[in-house]
Amino acid sequence: MPKTKKMLLTVELVPKTCWWSSVRTSVKPVEWDKIRRISYAAAGNKCEICGGTGKKQGYKHDLECHEIWEYDDKIHVQKLIGLISLCPKCHLVKHIGRAMAMGIEGDCYKHLASVNKWTREQIDTHIADSFVLYKQRSMHSWTLDISILSKEPYGIKLKTTKNRIFEVKKYKKKRKVPKKKRPIKK
Ligand SMILES: [Zn+2]
């Protein structure tokens, strides 16, 4: 068998303005289960980047399904172009912002160094570049395109009329209105 080029592990920060739109929030839980099972089977039940599994890394599960997005920076469409099965460590690197929020980014640095054979400098540069792009993209609203899921092998019925658009303004406006107190029934 010809040797395929090893895939690099990269950070893929989802713009802030897309946080509420994802495959998981657009399909039923049973459909998401179907999607990820197809993905895991196609990957031979191991991480498509490092070949590892979560249980060997001390997790209770082996794989997580990661959504691969393509961002059209001209017309601001966030399009799903595929799904990849990743071990929890590689998945955490993809969303390193979450790891940073949890204070466990050190794990990501270690994993990036071991999978990509990168130096600390290369890792720092890559992460800094990812955040620059993230900040630029977070200034726009995005239209979600997950039409790939209606095709084989997924065959999910999608509501095509519901193009989910999330506006920056709406996102920034944090709800600080207290919940209305219900009158106590006597
Ligand atoms: Zn992995």
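Two strands count as paired if DSSP finds at least two bridges between them. In this predicted model, strand 1 (residues 64–72) and strand 2 (residues 77–86) meet that condition, running antiparallel and joined by 9 bridges. Glutamate 64 has leucine 86 of strand 2 as its bridge partner, while tyrosine 71 is partnered by glutamine 78 of strand 2. The hairpin made by these strands has 4 residues between them, and one residue here, histidine 76, takes a positive phi near 55°.

Strand 2 also pairs with strand 3 (residues 142–145), this time in the parallel sense and over 3 bridges. Valine 77 finds its bridge partner in threonine 143 of strand 3, and glutamine 78 stands opposite leucine 144 of strand 3. Glutamine 78 is thus a handy residue to follow through the sheet, with tyrosine 71 as a bridge partner and leucine 144 opposite it in strand 3. The two faces of strand 3 can be told apart: Trp142 and Leu144 make up the covered face, whereas Thr143 and Asp145 lie on the uncovered one.

Stepping back to the whole chain, the secondary structure comprises 7 helices and 4 strands. Read from the N terminus, the order of elements is α-α-β-β-α-α-α-α-β-β-α. Of the contacts with a separation of 6 or more, 64% are between residues 24 or more positions apart. Among the 186 residues of the protein, 23% count as buried.

The largest nonpolar core holds 28 residues, and the members that touch the most others are Leu9, Cys47, Ile49, Cys50, Leu86, Cys90 and Val93. Strand 2, helix 3 (88–94), helix 4 (96–102), helix 5 and strand 3 are the elements that give two or more residues to this core. Leucine 86, the bridge partner of glutamate 64, is therefore a link between the hairpin and the core in this account. Leucine 9 can be viewed through its own contacts: setting aside residues up to four places away in sequence, Leucine 9 touches Ile49, Cys50, Cys90, Val93, Leu112, Val115 and Asn116.

Helix 5 (residues 105–116) deserves a closer look. Helix 5 has 12 residues and reaches 16 Å from its first C-alpha to its last, close to the 16 Å expected at 1.5 Å a residue. Which residues of helix 5 are buried? They are Cys108, His111, Leu112 and Val115. Seen down the helix axis, these buried residues fall within an arc of 105°, so they line one face of helix 5. This fits a general feature of the fold: an α-helix has 3.6 residues a turn, so residues three or four places apart point the same way. On the other side of helix 5, Gly106 and Ser114 are exposed. The cover over the buried residues of helix 5 includes helix 3, helix 4 and helix 6. Helix 5 is followed by lysine 117, which has a positive phi, near 55°.

Glutamate 105 is found in helix 5. With 17 other C-beta atoms within 10 Å, glutamate 105 is partly exposed, because a residue needs 20 or more to be buried and 12 or fewer to be exposed. Leaving aside neighbours within four places in sequence, glutamate 105 is in contact with Ile96, Ala99 and Met100. Valine 93 lies 12 residues from glutamate 105 along the chain, and the C-alpha atoms of the two are separated by 8.2 Å.

Two other helices can be set beside helix 5. Helix 6 (residues 120–137) has 18 residues and reaches 26 Å from its first C-alpha to its last, close to the 26 Å expected at 1.5 Å a residue. Of these 18 residues, the number buried is 1, so helix 6 lies largely in the open. In helix 2 (residues 29–42), the end C-alpha atoms are 20 Å apart, which agrees with the 20 Å that its 14 residues should span at 1.5 Å a residue. Just after helix 2, glycine 44 takes a positive phi of about 70°.

A word on confidence completes the picture. The mean pLDDT of the protein is 87, and 83% of its residues reach 70 or more. Over residues 165–173 the pLDDT is below 50, and this stretch has 16 contacts in the model beyond near neighbours in sequence. Where pLDDT is low, the predicted coordinates should not be read in detail.

Note on methods. Residues are numbered from 1 along each chain as its sequence is written. This is a predicted model: local features need pLDDT of at least 70, side-chain atom pairs count only at pLDDT 80 or more; totals for chains, interfaces and linings use all residues. pLDDT is the predictor's confidence in each residue, from 0 to 100. Two residues are in contact if their C-beta atoms, placed from the backbone, lie within 7 Å. The expected span of a helix is 1.5 Å times one less than its number of residues. A nonpolar core is a set of buried Ala, Val, Leu, Ile, Met, Phe, Trp, Tyr and Cys residues joined through C-beta atoms within 7 Å. The arc is that of the directions from the helix axis to the C-beta atoms.
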